[in-house]
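Visitor: I should like to learn how a model of this kind is read. Where should one begin?

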Amino acid sequence: MRGFLLNRLSQSLVLLLIVSVIGFVVLNLIPGGPLAQFGLDPSMTQDDLNRLKEQLGLNRPLWLQYLDWAWRLVQGDWGHSFRDGTPVLDVIGRHLVATLLLMGSSTVIAIAIGTWIGIRGATHRYSVFDYLATVGAMVALSIPTFWFGLVGIYVFSLRLGWLPAGNMYTIGDGSVLNHIHHLILPSIVLALVHVAIWSRYMRTATLDVISQDFVKTARAKGLSERRILMKHVVGNALLPMITLAGMQLPSVLTGALVTETVFTWPGMGRLFLDSLGYSDYPVVMGLLMFSAILVVLCNLIADIVVAIIDPRIRLS
Amino acid sequence: MTAIVANSRQERWWNSRTAHRFMNHHLALIGMVMIAVLTLACVLGPYLLPYDSLYIDLRARFAPPLTGHHYLGTDPLGRDLAARLFMAGRISLLVGFSAMLLSTLIGTLVGVLAGYRGGWLGTTLMRTVDGFLSFPSIFLVLALSAALKPSPMMITVVIAATSWMEVARIVEAEVRSLREREFVQAGRMLGLSGTHIMFREILPNAIGPIIVAATLTVARAILMEAYISFLGYGIQPPLPSWGNMLNGAQQYLGTAPWLAIIPGAAITIAVTSFNFIGDGLRDALDVRGDHG
């Protein structure tokens, strides 16, 4: 178990290293460099810019800047926003809850519906339901999330008036119910793609388990189909899904970015776009690293959980 | 001798049974027809419509679909939506297709090299693939597009640079399993160069999975272009693309919903079609899928 953990941990660190180098190089490619935003200010002279450059250490070689930046990152100093000077970690922290709320609720929806569709598709293989689920999943994977969001707003907010068209809560009304009311539409929109992916994998996993010997044994014992499904199949089929949940995180984050844009949801995705618009380079870089760490961490947790539950993986 | 073996294997992909299975795949056929119609409309449409995509009809701003000769209505400037949709389709389909070609090329090169050479080179390459895959690439794509000048060419390169990993993974796995086969060993015994074995002997045998992955990559590339153009970092107006047509549509959702609904429907139809075709090819070429 220890060797397994160390192995996965070192892999994760290498991943973070690669991501940080790519991100750092990319953002330094911006014409005018990280200070492009200050160059637009007419009261800034070239002397001021040079002084600022000196101050921020931007005239040093790129590799030295990288090492310095990475060392401070490890120590928890992620720099300050160019916009208002707030520490980057604080800025991210302020937007984190909104994103986690959106991602969490949509994941719950996706897993619940996806699991149900997947199991039903596997137990009623080649039925009309299975066929529709297969085609539906392919269509769902093809719909741009932002467009689905716009159509959702058009139908449920503008035409029917059932759900709010955006924001996290009504100003002056911070009740839990009001939050939930605002959460419904964006989480369903974000969940669509993942319902599709989850149901496909769940169907495959269930089919794999159904053909195993212990299910035949359970049948031979005379257990009812329902009992076999609940006691023997579902649990085993869900096991590989833990890994999938970790692997899906990048795509959930991508979906969250556009969903937050469409629904003016005050999360990390909107923060990223705003910061990019302002060339707020430290926040952009901070968010790049933060999302990478989040992804790596979740994958690591998923691997560990699977290894704890299933000794076969740990030992192989 | 190796040439004969390679040839007989190459034939297997397109023999009548494969073609037959593909033709029996209804979804794939629907996808093919839809893509054909869409491509024809985008190529010929602008010549057949009464309005140019840049003509501003000030008396017919915000016209809903089917007003006069504006079959799909007009946009806030009074430009014909149908004409713009077809011109945008040219850009979106072209970007999607070119990005696929480029990313398939990169992915195949990386995959063949990693799969055949193995060792530390293979490990390093595949770790890089993992790195790219485990990263929400839209962040990187947006940062890149903001950093570079967002011309259609640049967008294509940026999309390709962040979507070659799936192909690389598939090719690597395929090449790794083919590496120990007899015809490869025969090639080695004949003293053929590594490059020759990689690209002339092994690659033709891995073409099925590559075609499937490439088709699905077109779908993903079209979607990615739509995402970044919608967010304002992709194709820049006045050049229309399906994504940037949706860019300003949200503010008119209440008064002119067709501005949002029509381009999005075009994206969905195009992407669904390529996914259907990919699915059909996977069945026809007997490629094991990731899921389903």
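Guide: One begins with pLDDT, which is the predictor's confidence in each residue, from 0 to 100. This is a predicted model. Chain B averages a pLDDT of 83, and 92% of its residues score at least 70.

Visitor: Which elements of chain B have the lowest and the highest mean pLDDT?

Guide: Helix 1 of chain B, residues 2-13, has the lowest mean, at 47, while helix 4 of chain B, residues 81-117, has the highest, at 92. Over residues 1-11 of chain B, pLDDT stays under 50, and the model has twelve contacts beyond four places in sequence for that stretch. Where pLDDT is low, predicted coordinates should not be read in detail.

Visitor: What ipTM and pTM does the predictor give the complex?

Guide: The complex receives an ipTM of 0.83 and a pTM of 0.86.

Visitor: How many residues does each chain bring to the contact?

Guide: The size of an interface is often given as the accessible area lost when the parts come together. Here the description is by residues: chain A contributes 46 and chain B 41. Several helices of chain A give two or more residues to the side that touches chain B, among them helix 1 (2-27), helix 8 (176-210) and helix 11 (249-262). Helix 13 of chain A supplies the largest share of that side, eight residues. By class, the side of chain A that touches chain B has 37 nonpolar, seven polar and two charged residues.

Visitor: How is the span of a single helix checked, for instance helix 11 of chain A?

Guide: The expected span of a helix is 1.5 Å times one less than its number of residues. The 14 residues of helix 11 of chain A should therefore span 20 Å, and the end C-alpha atoms are indeed 20 Å apart, which agrees.

Visitor: Is helix 11 of chain A largely enclosed or exposed?

Guide: A residue is buried if 20 or more other C-beta atoms lie within 10 Å of its own. In helix 11 of chain A, 13 of the 14 residues are buried, so the helix is largely enclosed by the rest of the structure. Thr264(A), which follows helix 11 of chain A, has a positive phi, near 40°.

Visitor: Which annotations does UniProt place on chain A?

Guide: The unreviewed UniProt entry places "domain: ABC transmembrane type-1" at residues 96-306 of chain A. In the model, that span is 82% helix and 0% strand. The unreviewed entry also gives "transmembrane region" for several stretches of chain A, including 131-156 and 283-309. Residues 131-156 of chain A are 92% helix, with end C-alpha atoms 28 Å apart. Residues 283-309 of chain A are 100% helix, with end C-alpha atoms 38 Å apart.

Note on methods: Residues numbered from 1 in each chain as written. Chains lettered and ligands numbered in written order. Predicted model: local features only at pLDDT ≥ 70, side-chain atom pairs only at ≥ 80, totals over all residues. Contact = placed C-beta atoms within 7 Å. Helix = DSSP H or I, 4+ residues; strand = E, 2+ residues; numbered from the N terminus. Nonpolar A, V, L, I, M, F, W, Y, C, P; charged D, E, K, R; others polar. UniProt positions renumbered as here; feature names shortened; annotations may be inferred. Buried ≥ 20, exposed ≤ 12 C-beta atoms within 10 Å, placed from the backbone.
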